[in-house]
Amino acid sequence: MPDSIQSPCPLCNLPCIAYLEDYGKWMHFSCRCCRELKVSKMVISKLRAESNDVREQLSQQARALRGGEYLHIAATDWGSLQPRGQSAWTAEVRTRPV
């Protein structure tokens with residue numbers, strides 16, 4: 001992987017190691033609390049602005065993953081007009097390629 005940087009986890013805010021991927025469009029976090037997640041740079045600030053409850057639910061989901069899995073958090077396809085009650089991001093479990 002490319003050079004790592006120190007960055008706060010977007011879910012639990014603990015210091016962790018992050019790697020820029022895909023020409024800086026994504027950040028791959030390795031957190032001692034939330035384990036492994038890959039987050040679009042477009043939604044990192046939106047995640048950090050979410051309530052503690054929302055971020056804790058995502059953190060719990062990430063901690064429950066099995067080896068080789070990570071939480072992938074991306075911008076939605078809905079564009080700038082968000083349906084009422086919908087977030088600007090989606091989270092799904094993905095498996096690292098072998």
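Student: Which residue forms a salt bridge with E36?

Tutor: A salt bridge is a side-chain nitrogen of Lys or Arg within 4 Å of a carboxyl oxygen of Asp or Glu. In this predicted model, the closest N and O atoms of the pair are 2.9 Å apart. The partner of E36 is R96.

Student: How are residues numbered here?

Tutor: This is a predicted model: local features need pLDDT (the predictor's confidence in each residue, from 0 to 100) of at least 70, side-chain atom pairs count only at pLDDT 80 or more, totals for chains, interfaces and linings use all residues, and side-chain values use heavy atoms, leaving out hydrogens and water. Along each chain, as its sequence is written, residues are numbered from 1.

Student: How many residues apart are E36 and R96?

Tutor: Helices (H or I, at least four residues) and strands (E, at least two) are DSSP runs, numbered from the N terminus. E36 is in strand β4, while R96 is in the segment after β6. The pair links distant parts of the chain, and the separation is 60 residues.

Student: Is E36 buried or exposed?

Tutor: Buried means under 20% relative accessible area, exposed over 50%, and partly exposed in between (1.4 Å probe, protein chains only). R96, at 39%, is partly exposed. E36 has 15% relative accessibility, so E36 counts as buried.

Student: Which residue forms a salt bridge with R66?

Tutor: R66 is exposed, at 60% relative accessibility. Its partner is buried, at 13%. The closest N and O atoms are 2.9 Å apart, and the partner is E69.

Student: How many salt bridges are there?

Tutor: E92 and R94 make one of them, at 2.6 Å from N to O. E92 is partly exposed at 37%, and R94 is partly exposed at 35%. The count comes to five.

Student: What is the order of the strands in the open sheet?

Tutor: Two strands pair if DSSP finds at least two bridges between them. The open sheet has six strands with mixed pairing. Its edge strands, β1 (4–8) and β6 (89–95), each pair on one side only. The order is β1-β2-β3-β4-β5-β6.

Student: Which residue in β4 is the bridge partner of F29?

Tutor: Strands of a sheet pair through backbone hydrogen bonds, either parallel or antiparallel. β3 and β4 pair in the antiparallel sense, over six bridges. The bridge partner of F29 is L37.

Student: Which element gives the most to the largest nonpolar core?

Tutor: A nonpolar core is a set of buried Ala, Val, Leu, Ile, Met, Phe, Trp, Tyr and Cys residues joined through side-chain atoms within 4.5 Å. The largest has 19 residues, and L11, F29, L37, V39 and I73 touch the most other members. Elements supplying at least two residues include α1 (44–49) and α2 (52–63). With three residues, the one that gives the most is β3.

Student: What separates the C-alpha atoms of A74 and V43?

Tutor: A74 is in strand β5 and is buried, at 14% relative accessibility. In contact terms (heavy atoms within 4.5 Å), A74 touches V43, W26 and S40, among others. The two residues are 31 apart along the chain, yet their C-alpha atoms are separated by 6.8 Å.

Student: Over which residues is the pLDDT below 50?

Tutor: The protein chain averages a pLDDT of 86. Where pLDDT is low, the predicted coordinates should not be read in detail. The stretch below 50 is residues 80–84.

Notes:
Lists of a residue's contacts leave out its neighbours within four places in sequence.
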